[in-house]
Amino acid sequence: MDTKKILFTGVGGQGTLLASRLLGEAAMAAGMDVRVSEVHGMAQRGGVVESTVMLGGLKSPIISKGEADILVSFEPLETIRALDRCSRGSVIVTNTVPIIPITVKLGQAEYPDVDYWIDFMKKSYRRVCALDADELAKTAGTSKAVNVVLLGVLIGLNEVPVTREMVEETIKKQVKPRFVEANLKAFELGLEKAEC
Amino acid sequence: MHPLLSKDTGQKRLLLGNEAIVRGAIEAGAAVAAAYPGTPSSEIANNLFFISLQGDWPLYFEFSTNEKVAMEVAASAAAAGVRSLTCMKHVGMNVASDVLMTLAYVGVKAGMVIVTADDPSMHSSQNEQDNRIYARFANLPMLEPTSPQEAKDMTIQAFDLSESLELPVIVRTTTRTSHVRGPVELGPLPEEVRQKGIFQKDPRRWVPVPAVARMRHRVLLEQMEKARGLAEGSRFNSMSGKGKTGIVASGVSVCYVEDAIRELGVEDRVTFLKLGFTYPFPVSILKDFIQKVDEILVVEELEPFQEDEIKIICKDMGQDRPVFGKATGHFSRMYEFDPLMVKKAIAQVTGCDLNLPQMPDLSSLPPLPMRPPSLCQGCPHRETYNAVKEALKELGLEENAIYPTDIGCYTLGLLPPIQMADYLLCMGSSVGSSAGFSVATDHKIVSFIGDSTFFHSGLSSLASAYHNEHRFCLVILDNSTTAMTGHQPNPGIEIRPPGYDRPRIPIEDAVRGLGIKNVHKINPYRKKEAVALFKEVLAKDELSVVIAEAPCILYYRKFGGKK
């Protein structure tokens, strides 16, 4: 099997860790060797939260500059921040809904022009899928399911050797029972949006 | 039942390195564990805590008030013949080091494992000290896992080693081995766990007065020679490949090296020595390795621990081999590594091409806004900081005020718009440093410490400050939990996880018990009263303690109302 280096990035509280874990669990259930790295501690207090899923027998827990095969980002500023981890051959899945950082609120910095940079990505990288994942999560019944929407998009792109069924089984096993239905719905909405 | 108690032997679970250590301890029959939380070690203690709280597995666990106490709890249990574990972040080992250094002399009877979780790059820490040096300093065996599976296997092995050598054994992880998930095969749970032992009195062993300590130091050195033999035969130390470039690594660096060898396709050019049982140095293995290669690249984060040793061994052997590493600038002594960094060094040493990925030109990227971590919206600490600031402003003292701070969420008071954190060293330093500032300056001193940190190492410093008549205002931010590390209990907490019924020590009682009378309590959300109280207290030039009592909002959501 080919190796895949998948980088998840977002803001503390968005559920990046759950998304990477679900992908990791699904891959393991399918018999693949997998490593998932997580960020705990201080960064979770509203800072940038990154995680990785490494498939195909890779051992390293983190991804260097230019080496991500796939970037799944929960927030557009964080997508832009992580561009230096991508190469021309990378696939990018990104949410388009900004979470304004405190530094911007205090007027110390300027939030980048999201449309401009998504356009740049579409011209510069192999595949780019940009969507309003917050809206889809709300449609599914829980605004917290942004992570599963984006996971759905990733699976729908057929870029990783993990099938829809594997992830659905994992959601049923890993997610708290009362959230399973909304998460499955969110996952499905993501799958349907996987076009780029 | 707690998921880490699963009886599905032979099945795989996607476990964090830290969870794998817990599973290893359970499979090895550990019956006593004690810890003080700290990233990146916290999930070890948290899982042990919840396993013990559920009560369906024979495990005693406690959150001790600090790492020193935790290590003493584990040490004496092991002296009495009960397998024990303590875990801490790297700087926690400093607190416990007084125990560690002499524990190495007296040793243990049952297996005892000390987990130290280091934090290269300081993701959640105030320094990036390399705790491998503690293994050499205290002279104790050390194992370093590279994956969750190894974290479990090594924990089990560490208990056996510890018992056979009668010495505690250190398992050293880093952030990237503690916080990585990987498949871990579950082993069988023990049929029986020894929960009670008998302490065999033997003052010539357990009471290290000088005459005894002199004898025990000799025993320690003898035992560590035996340990060296075991390291040399350990399955965790292995050599692969027959190439002329030697590479040595341990811990997470092994992952980077293995991926780099694969991606560069240099399998036939290198001989890779992977070290897992890293101290005492397996000298025979290293000698054999040195003989086989023409040059050596040492891949290790932080200090040149193995690099220096390899140079010494080369010298002893009369072998002149180039050793590449920190001294040659191939790697830095700062920060954690990443895969590309290691790949570059291996490409350079083996003289192969490094095919860098084609990246779009990002030079037009504007400076991106930072996203510093911050206190939660509605966090009571914000209110307390604002009340202090307001009071000082009204008194005209704001310009002259300094704010020694401490370790916890509230350290984030450093950032704008609060900016009320001026000096910090370690757990509890708010109190001791305020004492120094009060004699050496005329600043108005307001210092901040959390409830858990206060019990960790604020109490004895406050006794000292009162006795020595220092003048400052200590604000104890009592949010009824150890918030930053994931809401662990401490002796002062009022809101409790269900089932947690250990006696409470109200902080006010503790402070008054030291003899301090100038003690006040505020509710930080009652702004007017809080400001008025701070004004009254800060107008005077004397030691005062203000306890700002309001639960962490995240913790309250979890357990509030379930007292």
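Two exercises follow, one on the contact between chains A and B and one on a sheet of chain B.

The model is predicted: local features need pLDDT of at least 70, side-chain atom pairs count only at pLDDT 80 or more, and totals for chains, interfaces and linings use all residues. Residues are numbered from 1 along each chain as its sequence is written, and chains are lettered from A in the order in which they are written.

**Exercise 1.** Describe the side of chain B that touches chain A.

Step 1. The contact (C-beta atoms, placed from the backbone, within 7 Å) takes 40 residues from chain B and 47 from chain A.

Step 2. β1 (12-16), β8 (180-185), α10 (252-264) and α13 (339-350) of chain B each supply at least two residues of this side; helices (H or I, at least four residues) and strands (E, at least two) are DSSP runs, numbered from the N terminus. The largest share, five residues, belongs to α10(B).

Step 3. Across the chains, strand β2 (residues 34-37) of chain A pairs with β8(B) in the antiparallel sense over two bridges; pairing requires at least two DSSP bridges between two strands. A:Ser37 has B:Val180 as its bridge partner.

**Exercise 2.** Lay out the open sheet of five strands in chain B and find its edges.

Step 1. The order is β15-β16-β17-β19-β18 (chain B), with parallel pairing.

Step 2. β15 (401-402) and β18 (519-522) of chain B each have a single partner strand, so one side of each lacks a neighbour in the sheet.

Step 3. Four bridges join β18(B) to β19 (residues 544-549) of chain B in the parallel sense. B:Ile522 is opposite B:Ala548 in β19(B).

How values were computed
Contact = placed C-beta atoms within 7 Å.
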